[in-house]
Amino acid sequence: MSTSTSIHDVVEHLRRALQSMDPDAFTSVFADDAVYELRFGMPGQPRRFEGAEAIREHMKQDTSGGIAQSLEFDDVHATVYDSADPEVVVVEFEPSGSVRAGGAPFRFASSLGVIRVRDGAVISYLDYPNALDAAQAVGMLPQLGAMLAATGRGEAAQVVARMIDASVANDHDALVELYAREAVIEIPFAPPGVPTRSAGREHLRARLEATAGMWRFDRAEAINVMETADPDIVVAEYTLHGSITATGKPFSLTYVMIITVRDGLIVHSRDYGNPLTGAELLREVPGLAHGE
(Lines give C-alpha, C1' and ligand atoms only; values in the text may rest on other atoms or scores of the structure.)
Protein backbone atom coordinates (compact mmCIF):
# COMPACT_ATOMS: atom_id res chain seq x y z
CA MET A 1 0.00 0.00 0.00
CA SER A 2 1.44 3.39 -0.99
CA THR A 3 1.96 6.21 1.48
CA SER A 4 -0.70 8.26 -0.32
CA THR A 5 -3.26 5.43 -0.14
CA SER A 6 -2.45 4.87 3.53
CA ILE A 7 -3.09 8.54 4.26
CA HIS A 8 -6.37 8.42 2.38
CA ASP A 9 -7.42 5.36 4.36
CA VAL A 10 -6.72 7.25 7.58
CA VAL A 11 -8.72 10.24 6.33
CA GLU A 12 -11.64 7.96 5.46
CA HIS A 13 -11.50 6.48 8.95
CA LEU A 14 -11.57 9.97 10.46
CA ARG A 15 -14.47 10.95 8.22
CA ARG A 16 -16.55 7.97 9.32
CA ALA A 17 -15.73 8.63 12.97
CA LEU A 18 -16.80 12.26 12.62
CA GLN A 19 -20.04 11.19 10.98
CA SER A 20 -20.84 8.89 13.89
CA MET A 21 -19.48 11.38 16.44
CA ASP A 22 -17.37 8.59 17.95
CA PRO A 23 -14.33 10.04 19.77
CA ASP A 24 -12.89 6.60 20.50
CA ALA A 25 -12.97 5.66 16.82
CA PHE A 26 -11.62 9.08 15.81
CA THR A 27 -8.57 8.83 18.08
CA SER A 28 -7.93 5.14 17.47
CA VAL A 29 -5.73 6.06 14.48
CA PHE A 30 -3.64 8.53 16.48
CA ALA A 31 -0.10 7.54 17.50
CA ASP A 32 0.51 7.29 21.26
CA ASP A 33 2.64 10.46 21.14
CA ALA A 34 0.46 12.35 18.65
CA VAL A 35 -0.12 16.08 19.00
CA TYR A 36 -3.48 17.71 18.32
CA GLU A 37 -3.75 21.50 18.09
CA LEU A 38 -6.89 23.64 17.87
CA ARG A 39 -5.75 26.59 15.79
CA PHE A 40 -9.22 28.20 15.88
CA GLY A 41 -10.04 27.25 19.45
CA MET A 42 -12.11 29.25 21.91
CA PRO A 43 -10.06 32.00 23.59
CA GLY A 44 -8.92 31.05 27.05
CA GLN A 45 -9.41 27.32 26.42
CA PRO A 46 -6.66 24.68 25.99
CA ARG A 47 -5.53 24.43 22.38
CA ARG A 48 -2.78 21.82 22.43
CA PHE A 49 -3.15 18.20 23.49
CA GLU A 50 -0.23 15.78 23.61
CA GLY A 51 -0.70 12.03 23.54
CA ALA A 52 -3.58 9.91 22.27
CA GLU A 53 -5.22 9.66 25.70
CA ALA A 54 -5.30 13.44 26.22
CA ILE A 55 -6.68 13.90 22.70
CA ARG A 56 -9.35 11.26 23.32
CA GLU A 57 -10.48 12.92 26.56
CA HIS A 58 -10.72 16.26 24.80
CA MET A 59 -12.77 14.75 21.99
CA LYS A 60 -15.13 13.08 24.45
CA GLN A 61 -15.75 16.36 26.26
CA ASP A 62 -16.22 18.16 22.94
CA THR A 63 -18.89 15.74 21.71
CA SER A 64 -20.71 15.18 25.02
CA GLY A 65 -22.49 18.51 25.20
CA GLY A 66 -23.09 21.93 23.70
CA ILE A 67 -23.45 22.47 19.97
CA ALA A 68 -22.24 18.99 18.95
CA GLN A 69 -25.07 17.28 20.83
CA SER A 70 -27.61 19.48 19.05
CA LEU A 71 -26.65 18.17 15.61
CA GLU A 72 -27.49 14.88 13.93
CA PHE A 73 -25.01 14.05 11.17
CA ASP A 74 -26.35 12.14 8.18
CA ASP A 75 -23.15 12.45 6.18
CA VAL A 76 -19.71 14.05 6.31
CA HIS A 77 -18.12 14.96 2.99
CA ALA A 78 -14.33 15.15 2.91
CA THR A 79 -12.40 17.16 0.31
CA VAL A 80 -8.81 15.96 0.32
CA TYR A 81 -5.80 17.95 -0.88
CA ASP A 82 -2.56 16.02 -1.18
CA SER A 83 0.52 18.05 -0.32
CA ALA A 84 4.05 17.91 -1.68
CA ASP A 85 5.03 16.23 1.59
CA PRO A 86 3.95 12.58 1.29
CA GLU A 87 3.16 12.47 5.01
CA VAL A 88 0.84 15.50 5.00
CA VAL A 89 -2.69 15.90 3.72
CA VAL A 90 -5.14 18.80 4.04
CA VAL A 91 -8.79 17.89 4.49
CA GLU A 92 -11.96 19.97 4.55
CA PHE A 93 -14.83 18.28 6.35
CA GLU A 94 -18.40 19.25 5.45
CA PRO A 95 -21.16 17.61 7.50
CA SER A 96 -24.82 17.59 6.59
CA GLY A 97 -27.83 16.51 8.56
CA SER A 98 -30.51 17.98 10.77
CA VAL A 99 -30.84 19.82 14.06
CA ARG A 100 -32.14 17.48 16.75
CA ALA A 101 -34.61 20.06 18.05
CA GLY A 102 -36.96 20.87 15.19
CA GLY A 103 -35.31 18.88 12.44
CA ALA A 104 -34.01 21.86 10.44
CA PRO A 105 -31.50 20.70 7.79
CA PHE A 106 -27.91 21.98 7.74
CA ARG A 107 -24.77 21.70 5.65
CA PHE A 108 -21.61 23.68 6.27
CA ALA A 109 -17.83 23.42 6.14
CA SER A 110 -17.14 22.44 9.73
CA SER A 111 -13.35 22.29 9.83
CA LEU A 112 -10.07 22.18 7.96
CA GLY A 113 -7.47 19.70 9.11
CA VAL A 114 -3.75 19.62 8.33
CA ILE A 115 -2.89 16.03 9.13
CA ARG A 116 0.49 14.33 9.25
CA VAL A 117 0.42 10.54 9.01
CA ARG A 118 3.39 8.23 9.51
CA ASP A 119 3.26 4.43 9.37
CA GLY A 120 -0.51 4.55 9.15
CA ALA A 121 -1.01 6.65 12.29
CA VAL A 122 -1.75 10.34 12.82
CA ILE A 123 1.23 11.99 14.51
CA SER A 124 0.09 15.60 14.13
CA TYR A 125 -3.32 17.18 13.57
CA LEU A 126 -3.80 20.93 13.16
CA ASP A 127 -7.54 21.60 13.42
CA TYR A 128 -9.22 24.78 12.17
CA PRO A 129 -12.89 24.40 13.23
CA ASN A 130 -15.76 26.63 12.13
CA ALA A 131 -17.61 27.29 15.40
CA LEU A 132 -19.59 30.19 13.90
CA ASP A 133 -21.53 28.18 11.31
CA ALA A 134 -22.06 25.35 13.79
CA ALA A 135 -23.63 27.78 16.26
CA GLN A 136 -25.71 29.34 13.51
CA ALA A 137 -27.06 25.93 12.45
CA VAL A 138 -28.55 25.30 15.90
CA GLY A 139 -29.59 28.89 16.60
CA MET A 140 -26.92 29.43 19.26
CA LEU A 141 -25.13 32.50 17.90
CA PRO A 142 -26.23 34.65 20.88
CA GLN A 143 -24.87 32.04 23.30
CA LEU A 144 -21.60 31.83 21.36
CA GLY A 145 -21.32 35.61 21.44
CA ALA A 146 -21.84 35.58 25.20
CA MET A 147 -19.16 32.91 25.61
CA LEU A 148 -16.71 34.92 23.53
CA ALA A 149 -17.45 38.03 25.56
CA ALA A 150 -16.79 36.10 28.76
CA THR A 151 -13.76 34.09 27.66
CA GLY A 152 -12.33 36.03 24.74
CA ARG A 153 -8.86 37.42 24.74
CA GLY A 154 -9.01 40.13 27.34
CA GLU A 155 -8.25 43.79 27.02
CA ALA A 156 -4.98 43.35 28.91
CA ALA A 157 -3.62 40.87 26.34
CA GLN A 158 -4.62 43.19 23.50
CA VAL A 159 -2.83 46.13 25.10
CA VAL A 160 0.31 44.06 25.58
CA ALA A 161 0.20 42.98 21.93
CA ARG A 162 0.08 46.64 20.92
CA MET A 163 2.98 47.36 23.28
CA ILE A 164 5.14 44.77 21.57
CA ASP A 165 4.12 46.09 18.13
CA ALA A 166 5.08 49.64 19.16
CA SER A 167 8.44 48.42 20.44
CA VAL A 168 9.22 46.65 17.16
CA ALA A 169 8.18 49.79 15.24
CA ASN A 170 10.48 51.91 17.44
CA ASP A 171 7.45 54.17 17.97
CA HIS A 172 8.19 55.64 21.38
CA ASP A 173 5.19 57.94 21.39
CA ALA A 174 2.78 55.09 20.72
CA LEU A 175 4.51 53.00 23.36
CA VAL A 176 4.30 55.69 26.03
CA GLU A 177 0.62 56.34 25.30
CA LEU A 178 -0.16 52.75 26.28
CA TYR A 179 0.85 53.57 29.87
CA ALA A 180 -1.34 55.34 32.42
CA ARG A 181 -0.20 58.76 33.61
CA GLU A 182 0.86 57.40 37.01
CA ALA A 183 2.02 53.98 35.81
CA VAL A 184 4.60 52.21 37.96
CA ILE A 185 7.40 50.30 36.25
CA GLU A 186 9.63 47.94 38.21
CA ILE A 187 12.78 46.32 36.84
CA PRO A 188 13.97 43.78 39.43
CA PHE A 189 16.95 42.70 37.31
CA ALA A 190 17.99 46.24 36.38
CA PRO A 191 21.66 46.64 35.38
CA PRO A 192 23.82 49.20 37.20
CA GLY A 193 22.66 52.77 36.65
CA VAL A 194 19.09 51.81 35.78
CA PRO A 195 16.44 52.49 38.46
CA THR A 196 14.60 49.44 39.72
CA ARG A 197 11.39 51.43 40.15
CA SER A 198 9.94 54.47 38.45
CA ALA A 199 6.52 56.13 38.53
CA GLY A 200 4.76 58.08 35.80
CA ARG A 201 4.76 57.62 32.04
CA GLU A 202 6.74 60.82 31.57
CA HIS A 203 9.64 59.13 33.30
CA LEU A 204 9.33 56.34 30.76
CA ARG A 205 9.22 58.91 27.96
CA ALA A 206 12.41 60.50 29.26
CA ARG A 207 14.18 57.14 29.40
CA LEU A 208 13.17 56.33 25.82
CA GLU A 209 14.22 59.77 24.57
CA ALA A 210 17.59 59.41 26.29
CA THR A 211 18.31 56.18 24.41
CA ALA A 212 16.71 57.18 21.11
CA GLY A 213 19.01 56.48 18.20
CA MET A 214 21.31 54.18 20.15
CA TRP A 215 19.68 51.08 18.66
CA ARG A 216 16.74 49.97 16.59
CA PHE A 217 14.52 46.94 16.94
CA ASP A 218 13.45 45.17 13.78
CA ARG A 219 11.39 42.18 14.92
CA ALA A 220 9.93 40.26 17.82
CA GLU A 221 9.68 36.50 18.17
CA ALA A 222 8.79 33.78 20.65
CA ILE A 223 5.84 35.89 21.75
CA ASN A 224 3.78 34.24 24.47
CA VAL A 225 1.11 36.32 26.20
CA MET A 226 -0.47 34.36 29.04
CA GLU A 227 -3.68 35.50 30.65
CA THR A 228 -4.13 34.90 34.38
CA ALA A 229 -7.03 34.33 36.77
CA ASP A 230 -7.13 38.12 37.19
CA PRO A 231 -8.42 39.56 33.88
CA ASP A 232 -6.39 42.74 34.44
CA ILE A 233 -3.05 40.90 34.67
CA VAL A 234 -1.11 39.13 31.94
CA VAL A 235 2.35 37.60 31.74
CA ALA A 236 4.20 38.35 28.51
CA GLU A 237 7.32 36.58 27.30
CA TYR A 238 9.00 37.73 24.11
CA THR A 239 12.34 38.45 22.45
CA LEU A 240 13.17 41.67 20.62
CA HIS A 241 15.86 41.62 17.95
CA GLY A 242 17.69 44.71 16.74
CA SER A 243 21.06 46.27 16.07
CA ILE A 244 23.29 48.88 17.70
CA THR A 245 23.26 52.03 15.59
CA ALA A 246 26.94 52.94 16.02
CA THR A 247 28.33 49.54 15.10
CA GLY A 248 25.53 47.68 13.36
CA LYS A 249 26.11 44.80 15.74
CA PRO A 250 22.95 42.70 16.16
CA PHE A 251 21.56 41.87 19.57
CA SER A 252 18.49 40.35 21.16
CA LEU A 253 16.71 41.07 24.41
CA THR A 254 14.40 38.55 26.04
CA TYR A 255 11.78 39.79 28.46
CA VAL A 256 9.24 38.37 30.85
CA MET A 257 6.80 41.03 32.03
CA ILE A 258 3.96 40.89 34.54
CA ILE A 259 1.61 43.63 33.39
CA THR A 260 -1.54 45.08 34.93
CA VAL A 261 -3.97 46.89 32.61
CA ARG A 262 -6.97 48.97 33.62
CA ASP A 263 -9.24 50.99 31.36
CA GLY A 264 -7.07 50.11 28.39
CA LEU A 265 -3.80 51.40 29.87
CA ILE A 266 -0.83 49.78 31.60
CA VAL A 267 -0.88 50.83 35.26
CA HIS A 268 1.87 48.57 36.56
CA SER A 269 4.55 46.32 35.15
CA ARG A 270 7.38 44.23 36.50
CA ASP A 271 9.92 43.84 33.71
CA TYR A 272 12.39 40.98 33.88
CA GLY A 273 15.11 41.23 31.26
CA ASN A 274 18.12 38.99 30.79
CA PRO A 275 20.73 40.70 33.02
CA LEU A 276 23.63 39.25 31.04
CA THR A 277 22.36 40.78 27.79
CA GLY A 278 21.73 44.06 29.60
CA ALA A 279 25.30 44.12 30.88
CA GLU A 280 26.60 43.43 27.37
CA LEU A 281 24.61 46.37 26.00
CA LEU A 282 26.09 48.62 28.69
CA ARG A 283 29.53 47.75 27.37
CA GLU A 284 28.60 48.11 23.71
CA VAL A 285 26.74 51.46 23.96
CA PRO A 286 28.72 54.17 25.78
CA GLY A 287 26.58 56.30 28.08
CA LEU A 288 23.66 53.90 28.13
CA ALA A 289 23.64 53.54 31.89
CA HIS A 290 23.60 57.33 32.31
CA GLY A 291 20.85 57.70 29.73
CA GLU A 292 18.72 55.09 31.40
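**Reading salt bridges and strands in a predicted model**

Modeller: Let us begin with a network of salt bridges that links D173, E177, R201, E202 and R205. Please keep in mind throughout that this is a predicted model.

Biologist: What general idea lies behind such a pairing of side chains?

Modeller: Side chains of opposite charge can pair when their charged atoms come close. In this chain, the count of salt bridges comes to 21.

Biologist: Which residue forms a salt bridge with R15, and how far apart are the closest N and O atoms?

Modeller: The partner of R15 is E12, and the closest N and O atoms of the two are 2.9 Å apart. Both residues belong to helix 1 (residues 3–20), where a spacing of three residues separates them by about one helical turn. R15 counts as buried, at 14% relative accessibility, whereas E12 is partly exposed at 29%.

Biologist: Where does R56 find its salt-bridge partner?

Modeller: R56 pairs with E53, and here the closest N and O atoms lie 2.5 Å apart. The setting is helix 3 (residues 52–63); because R56 and E53 are three residues apart in this helix, about one helical turn separates them. R56 has 15% relative accessibility and is therefore classed as buried, while E53 reaches 53% and counts as exposed.

Biologist: Which parts of the chain does the salt bridge between E87 and R118 link?

Modeller: The closest N and O atoms of E87 and R118 are 2.8 Å apart. This pair joins distant parts of the chain: E87 sits in the loop between strand 3 (71–82) and strand 4 (88–99), R118 sits in strand 6, and their positions lie 31 residues apart in sequence. Strand 6 itself covers residues 111–118.

Biologist: Is E87 buried or exposed?

Modeller: The cut-off matters here, for buried means under 20% relative accessible area. E87 has 19% and so counts as buried. R118, with 39%, is partly exposed.

Biologist: What else does R118 touch, if residues up to four places away in sequence are set aside?

Modeller: R118 touches E87 and I123 on that basis. A further long-range relation concerns I7: it is 111 residues from R118 in sequence, yet the two C-alpha atoms are 8.3 Å apart in space.

Biologist: Let us turn to the sheet. What is the order of its six strands?

Modeller: The sheet is open, its order is 9-8-13-12-11-10, and its pairing is mixed. Strand 9 (197–199) and strand 10 (215–227) form the edges, each pairing on one side only. On average, neighbouring strands are turned by 25° against each other, direction ignored.

Biologist: How does one see that the pairing is mixed?

Modeller: One follows strand 8 (residues 179–186). With strand 9 it pairs in the antiparallel sense, over three bridges; V184 stands opposite A199 in strand 9. With strand 13, by contrast, strand 8 pairs in the parallel sense, over four bridges, and Y179 has I266 as its bridge partner there.

Biologist: How many bridges join strand 12 to strand 13?

Modeller: Eight bridges join these two strands, which run antiparallel. One bridge pair places I259 with S269 of strand 13. The two strands form a hairpin with two residues between them, and D263 in the turn has a positive phi of about 55°.

Biologist: What is the general rule for side chains along a strand?

Modeller: In a regular strand the side chains alternate between the two faces of the sheet. For a single case, consider S269, which is buried at 0% relative accessibility. Its side chain makes a polar contact of 2.9 Å with the side chain of D271. Apart from neighbours within four places in sequence, S269 is in contact with Y179, V184, I185, E186, M257, I258 and I259.

Biologist: Which helices lie across this sheet?

Modeller: Helix 6 (residues 155–168) lies across strands 8, 10, 11 (233–244), 12 (250–262) and 13 (265–273), and runs at about 165° to strand 10. Helix 8 (residues 201–211) lies across strands 8, 9 and 10, at about 70° to strand 8.

Biologist: What does the whole chain come to in helices and strands?

Modeller: There are ten helices and 13 strands. Of the 292 residues, 40% are buried. The chain exposes about 15200 Å², of which carbon and sulfur atoms supply 53%. Among contacts between residues at least 6 apart in sequence, 52% join residues at least 24 apart.

Terms used: Residues are numbered from 1 along each chain as its sequence is written. This is a predicted model: local features need pLDDT of at least 70, side-chain atom pairs count only at pLDDT 80 or more; totals for chains, interfaces and linings use all residues. Side-chain values use heavy atoms; hydrogens and water are left out. Two strands pair if DSSP finds at least two bridges between them. Axes are lines fitted to C-alpha atoms, for helices over the stretch in contact, and angles run from 0 to 180 degrees between N-to-C directions. Contact means heavy atoms within 4.5 Å. Buried means under 20% relative accessible area, exposed over 50%, partly exposed in between (1.4 Å probe, protein chains only). Accessible areas come from the Shrake-Rupley method with a 1.4 Å probe; for residues, only the protein chains shown count as cover. A polar contact is a pair of N or O atoms within 3.5 Å; within protein, one must be able to donate a hydrogen and the other to accept it, and residues adjacent in sequence count only if both atoms are side-chain atoms. A salt bridge is a side-chain nitrogen of Lys or Arg within 4 Å of a carboxyl oxygen of Asp or Glu.
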